[in-house]
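Here is a short report on a protein model. It covers a cavity, some paired strands and two helices.

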Amino acid sequence: MLTRTGELSAQLATIGVPSLNAPERLGGLALGLSADIVVNERLGYALEPLGCYRETAFALDMLDSDDVRAENLAEILADLYKGTRHAVVVGARGPVGVQARSGGRLWGESEPLPRGAVGLCVVRTVDGSGSEWRLVIPEPDTCVTEPIDHFGMPALRLKFDGAASQPLPVSAAHWERARAAARIRQGALLLGIADRIVDVARAHVNTRAQSGKPLVERQTVAHRLALLIGEGDGWRLVLNKAAWEFDRGEHPNTAAILAVAGEHAQLASRTALQLHGVRGMLAHSTAASVYRLVAVESVRLGTPTNLWLEAASAT
């Protein structure tokens, strides 16, 4: 039984969640995305996004290669599975802000990342010959963690000041596969958040009276919520099909999957905010909190617009 009185990462680790979908060669159970999306959907419904969980899974997928010597990472992997530290992927979401210089030393800073204790970094870097992926084990003197707020949500930024790194062999196909899995996990989180805020809105309109009758008796209100519920059910089926196809080695259009999940979560959060009226605008209200959460999570791996453009180019 999970509670809100302890550290969520550590609590999930006690029941083995961090290792569910981790690669077998890295000591994980490799149960597949069909199992992992259940966890992320429920985290979304609980409004506990736990970005470090998906970030760690993303990094481990990037390390899933016969060319990576996992025995050198045994201690760090154990901490990742215990939930005491997590991994991050830097430079996967946009312009690269880290440079590799002589001796493989890294300089620059990351994009906003999930907050937590970072034990391992997979970093995309640029140098005179182009970009490449490198592996960093953060050291306090050369890799500084700076807590920040990202659109009102807690985050962190890594600043590399001569951090030691080693090349990480990541082929184009390997990168595409890891990013596809990350998108499916993120889509599950967003659909879970959408389900929760629709439930919150339903409860509100069933009890909030206007002109002597509950808001839900107004057709415009009832129809908007019914449409969101129906669409949410449909998108969950699409997401589960994509995860099943991915686990079979196929290549679902994950850009489209994440785009629809992001748009659905945005619509659900806007609708809930509108239906709550002035109460929904209060900073402590669930409607306002979810609106801020969706504003960050629905664009973490790309805006719906850019994802749709990519999805169209892949067809």
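## Cavity, strands and helices

The largest cavity is lined by G51, R54, E55, F58, R93, P114, A182, Q186, R300 and L301. Two elements each give two or more residues to this lining: α3 (51–63) and α5 (172–207). Helix α3 gives the most, with four residues. By class, the lining has four nonpolar, two polar and four charged residues. The cavity holds about 80 Å³ of space. The structure has one cavity of 30 Å³ or more.

This is a predicted model: local features need pLDDT of at least 70, side-chain atom pairs count only at pLDDT 80 or more, and totals for chains, interfaces and linings use all residues. Residues are numbered from 1 along each chain as its sequence is written, and side-chain values use heavy atoms, without hydrogens and water.

A cavity is a set of points on a 1 Å grid over the protein atoms alone where a 1.4 Å probe fits but cannot get out; lining residues have an atom within 4 Å of a point. Its volume is the space filled by probe spheres set on the points, which are joined across faces, edges and corners. Ala, Val, Leu, Ile, Met, Phe, Trp, Tyr, Cys and Pro count as nonpolar, Asp, Glu, Lys and Arg as charged, and the others, Gly among them, as polar. Helices (H or I, at least four residues) and strands (E, at least two) are DSSP runs, numbered from the N terminus.

Strand β7 (residues 153–163) pairs with two strands, as tabulated (pairing needs at least two DSSP bridges).

| Strand paired with β7 | Sense | Bridges | Residues opposite |
|---|---|---|---|
| β3 (residues 106–109) | antiparallel | four bridges | L106 and A163 |
| β6 (residues 143–150) | antiparallel | eight bridges | C143 and F160 |

The hairpin of β6 and β7 has two residues between the strands. There, F151 takes a positive phi near 55 degrees.

Helix α6 (residues 219–247) has 29 residues, which should span 42 Å at 1.5 Å a residue. Its end C-alpha atoms are 42 Å apart, which agrees. The expected span is 1.5 Å times one less than the number of residues. Several residues of α6 are buried (under 20% relative accessible area, 1.4 Å probe, protein chains only), including V221, L225 and L228. The buried residues pack against α2 (33–45), α5 and α7 (254–276). G249 follows α6, with a positive phi near 85 degrees.

E41 sits in helix α2. Is E41 buried or exposed? E41 is buried, because its relative accessible area is 14%. E41 touches A188, L189, G192 and D195 (heavy atoms within 4.5 Å), not counting residues up to four places away in sequence.

Key
On a 1 Å grid over the protein atoms alone, a cavity is a set of points where a 1.4 Å probe fits but cannot get out, and a pocket is an open set with protein on both sides within 12 Å along at least five of seven lines; lining residues have an atom within 4 Å of a point. Buried means under 20% relative accessible area, exposed over 50%, partly exposed in between (1.4 Å probe, protein chains only).
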